Amino acid sequence: SAASDVYKRQVVELVDVSRTYRSRAEDVPAVVAASLELHAGSLTALVGPSGSGKSTLINLIVGWEMPDEGEVRTHPDVGDDWDSVAVVPQGLGMLAELTIAENIRLPAVLGNSAALDIDELCESLGLTHLRDQLPEAVSLGEHQRAAVARALLAQPTLLIADEPTAHQDEENTLLVSELMRGAAAAGSAVLIATHDARVLAAADVVVEILDGRLSTRR
């Protein structure tokens with residue numbers, strides 16, 4: 001059926017992608033001949049030690065960096081708006097002058113569809129009482145959950161999160177991983193860079209990166 005096809009379609013494919021950073025002393029390979037497929041309806045976890053190439057790989061998938069070799073192929077549905085691609089970066093990327101609610105609502109303000117109800121999102125992530133606060137007035141964990149809510153709002157075609165539970169306690173880690181699991185169930189292709197065993201347990205596919213090289217764990 002057409003509905004089931006949505007859940008099988010390939011949203012992103014990396015084909016033998018490499019990225020090298022050139023310093024004065026030497027060339028440093030960050031990603032080496034990486035091939036990867038991200039499918040709608042699937043949650044992929046990306047694991048690897050610090051400096052292994054996770055953030056570079058994410059930048060290549062999102063289009064923030066271009067590969068030196070290989071090709072990044074994206075589905076025609078993937079454009080440059082929040083309906084297409086939503087990212088929870090490690091830096092979180094919240095606008096300091098906007099309230100938590102205004103930050104979460106930003107994709108809809110920029111003309112994208114708010115597929116989820118912002119009140120329900122805030123409640124599910126324990127943010128309701130912080131809606132009118134500025135980012136500087138809330139904890140790092142709350143700040144991070146607001147960035148997750150912003151990414152989820154438009155139910156994007158591709159959702160990428162870089163360590164989205166790094167500042168969360170156990171209860172909130174489970175909340176975030178359940179919502180990411182729910183985004184995949186709703187049809188998003190979800191990629192999470194993580195070290196958290198609870199997030200890994202929720203993943204359909206676990207991919208490991210070591211010295212820039214990818215291997216599939218399961």
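In this predicted model, helix H5, spanning residues 140-152, packs against helix H6, residues 170-185, with the two axes 11 Å apart and at an angle of about 10°. Since angles under 35 degrees count as roughly parallel, H5 and H6 are therefore roughly parallel to each other. On the H5 side the contact is made by Arg145, Val148 and Leu152, while H6 contributes Asn172, Val176, Leu179, Met180 and Ala183; sorted by class, this contact of H5 with H6 holds 6 nonpolar residues, 1 polar and 1 charged.

Helix H5 also meets helix H3, residues 100-109, where the axes come within 7 Å and cross at roughly 30°, so that H3 and H5 are likewise roughly parallel to each other. The crossing of H3 and H5 is right-handed, and its contact is made by Ile100, Asn103, Ile104 and Pro107 from H3 together with Ala146, Ala149 and Arg150 from H5. The residues of this contact divide into 5 nonpolar, 1 polar and 1 charged.

Turning from the helices to the strands, there is an open sheet of 3 strands in the order E2-E1-E4, with antiparallel pairing. Strand E2 (27-39) and strand E4 (69-74) are the edge strands, each of which pairs on one side only, and neighbouring strands of the sheet are turned by 15° against each other on average, direction ignored. Strand E1, residues 10-22, pairs with E4 in the antiparallel sense over 5 bridges, and valine 15 stands opposite glutamate 71 in E4. Helix H2, residues 54-62, packs on this sheet, where H2 touches E1, E2 and E4 and its direction makes about 55° with that of E2.

Conventions:
Residues numbered from 1 in each chain as written. Predicted model: local features only at pLDDT ≥ 70, side-chain atom pairs only at ≥ 80, totals over all residues. Heavy atoms only, no water. Axes fitted to C-alpha atoms, helices over the stretch in contact; angles between N-to-C directions. Helix = DSSP H or I, 4+ residues; strand = E, 2+ residues; numbered from the N terminus. Parallel < 35°, antiparallel > 145°, perpendicular 65-115°, else oblique. Contact = heavy atoms within 4.5 Å. Nonpolar A, V, L, I, M, F, W, Y, C, P; charged D, E, K, R; others polar. Left-handed = near helix turned anticlockwise from the far one by under 90°. Pairing = 2+ DSSP bridges.
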